[in-house]
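I opened my notebook to look at how the inside of this protein is packed. Here is the structure I had on the screen.

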Amino acid sequence: MEASLPISTAPKLAKPIGTAAKAVGVAGALAPSVSLPLRFVVTGMLSLFSGILWLVLRPDILATYHYNQYVIAVTHLFTLGWISSIVMGAMYQLVPVALETRLHSERLARWQFVLHVIGFAGMIWMFWIWNMKQVGHFGSIFGIGVILFVYNLGRTLARIPRWNVVAVGIASALFWLLMTLCAGLFMVSAKCWPQISPFYAISLMHAHAHLGGLGFFVMMLVAVSYKLVPMFALGEVQSHRRAAWSIGLLNVGLLGLFLTILFGSPWKLAFVFVVISGLAFYGVEMRAMLRARKRRHLDWGLKYFLTAISLLLPLSLLGIILCWPTLPMTRFSTQLENVYGFLALIGVVTFAILGMLYKIVPFLVWYARYSREIGRSKIPSLADLYSPRLQALGYWMFVVGLAATSVSIVSGNESAVQWSCSLLAASLVLFAMNMGKILLHLFQPKIEPLGLRPALKGNL
């Protein structure tokens, strides 16, 4: 997006005004209204801050075994309120621009936002008081929103001029999102009518979690990074065949993993290796793209993102250990399961999203406030909208907080979990300060007339 639009040079557009304005205009014609993705982004950020604060106030949630109502409530705050909100908002913005088409319906997306918020907020509340019947009702509202989201993006994908690995990856992620919804609603139904389910409740929950985490979140992350990383680093995909293998193996591995977890089969270890093979193809392709990039300097947004996807390596090793057939179920191994979930949601997905938000939100705000002033006024560049110092400090605090929390979870020490989560919360405060600086431009734009300063200097 940034690379396709020369907006980072916007204040220096005395000569290339026509080219820049044309490029921005093309992207603007394809993208939906800025308010649409921003409402999802703001909802997601509020959910993230609420979730981290919740962990600080209730460290026992991470320090004890995860199969209880409080862990399930907080997990859904992170997965539905934070991650899904951000992913859905970003998809409404990125898919039309990245795949050179228009969003099928903005009105449908606005209705989906209403259903999304009512659905996930009600589910979290009902999980907390463990009223599964009402979880099903709010889950159905949320599910209708998901169906609208998938239908809207499906109709959008049907318009694209040519299919590529990005489109296939996004379509795969949408399919797994629907499967996650079906598994979740079946699980809730099984809580109300146990006779309908032949599966162990814990197996069903783990299978459902992998559909959502690996099928929707990680698959979407892999797919869009084949478009966004070349855009931001000024490079290109080096091997489309390698990229296709990564998507294909992830799909095959996830299908096998879901079934073997559900039926308690020892073959799940084999499918873990299939998933890891897909991630290995992804890692090799990312390395090749970065080595061939034209922009040698990596900004903090990309550093956040690349650090996040590098955590897929320890996460994969942890997955192998937890799927090992002879692994006994002890307090230590169950705490490792907590670390696995925490590292996947907060380490990989959340850290990657924070990095991408540092690229997406400045663009949305800049486009909304300054795109019409190109060539007419002196306007700030994207980099002027936020503080790199806050980005750097927030990055290191998040890394240290993530490592400390993981160790604290293994030890089951509530005080240590509380202090390390406080470090994560402090990192997010810095992130919020930077986002506040960016969003402030919506209300207090910094626009100056061209050539005003030289004229004033001459008079003075």
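My entries follow, on the core, the cavities and one serine.

**Entry 1: the core.** I reminded myself that this is a predicted model. I began with the largest nonpolar core and counted 153 residues in it. Which residues have the most contacts inside that core? They are Trp 82, Phe 149, Ile 170 and Phe 305. I then asked which helix gives the most to this core. That is helix α13, residues 331-370, with 22 residues.

**Entry 2: around Phe 149.** I picked Phe 149 from that group and listed what it touches, leaving out residues up to four places away in sequence. Met 88, Met 91 and Tyr 92 are among its partners, and so are Gln 112, Leu 174, Leu 177 and Phe 216.

**Entry 3: looking for empty space.** How many cavities of 30 Å³ or more does a search of the whole structure find? I noted two. The largest has about 210 Å³ of space. Its lining is made of 17 residues, and Val 87, Leu 221, Val 224, Ile 353 and Met 356 are the closest to its centre. Three elements give two or more residues to that lining: α4 (69-98), α8 (201-233) and α13. Helix α8 has the largest share, six residues. I also checked the chemistry of the lining of the largest cavity, and found 16 nonpolar residues, one polar and no charged.

**Entry 4: the second cavity.** The second largest cavity has a volume of about 60 Å³. I wrote down its lining: Leu 94, Val 95, Ala 98, Val 166, Ile 170, Val 224, Lys 227 and Leu 228. Here α4, α7 (165-192) and α8 each give two or more residues. The lining of this second cavity divides into seven nonpolar residues, no polar and one charged. Two names were already in my notes: Ile 170, from the core list, and Val 224, from the centre of the largest cavity's lining.

**Entry 5: Ser 47.** Last, I looked up a serine, Ser 47, which sits in helix α2 (residues 35-57). Is Ser 47 buried or exposed? Ser 47 counts as buried, because its relative accessibility is 5%, and the cut-off for buried is under 20%. Where does its side chain reach? The side chain comes to the backbone oxygen of Thr 43, at 3.0 Å. Beyond its neighbours within four places in sequence, Ser 47 is in contact with Leu 77, Gly 81, Trp 82 and Phe 120. That brought me back to Trp 82, one of the core residues I had listed at the start.

Definitions and conventions:
Residues are numbered from 1 along each chain as its sequence is written. This is a predicted model: local features need pLDDT of at least 70, side-chain atom pairs count only at pLDDT 80 or more; totals for chains, interfaces and linings use all residues. Side-chain values use heavy atoms; hydrogens and water are left out. A nonpolar core is a set of buried Ala, Val, Leu, Ile, Met, Phe, Trp, Tyr and Cys residues joined through side-chain atoms within 4.5 Å. Buried means under 20% relative accessible area, exposed over 50%, partly exposed in between (1.4 Å probe, protein chains only). Helices (H or I, at least four residues) and strands (E, at least two) are DSSP runs, numbered from the N terminus. Contact means heavy atoms within 4.5 Å. On a 1 Å grid over the protein atoms alone, a cavity is a set of points where a 1.4 Å probe fits but cannot get out, and a pocket is an open set with protein on both sides within 12 Å along at least five of seven lines; lining residues have an atom within 4 Å of a point. Grid points are joined across faces, edges and corners, and a volume is the space filled by probe spheres set on the points. Ala, Val, Leu, Ile, Met, Phe, Trp, Tyr, Cys and Pro count as nonpolar, Asp, Glu, Lys and Arg as charged, and the others, Gly among them, as polar. A polar contact is a pair of N or O atoms within 3.5 Å; within protein, one must be able to donate a hydrogen and the other to accept it, and residues adjacent in sequence count only if both atoms are side-chain atoms.
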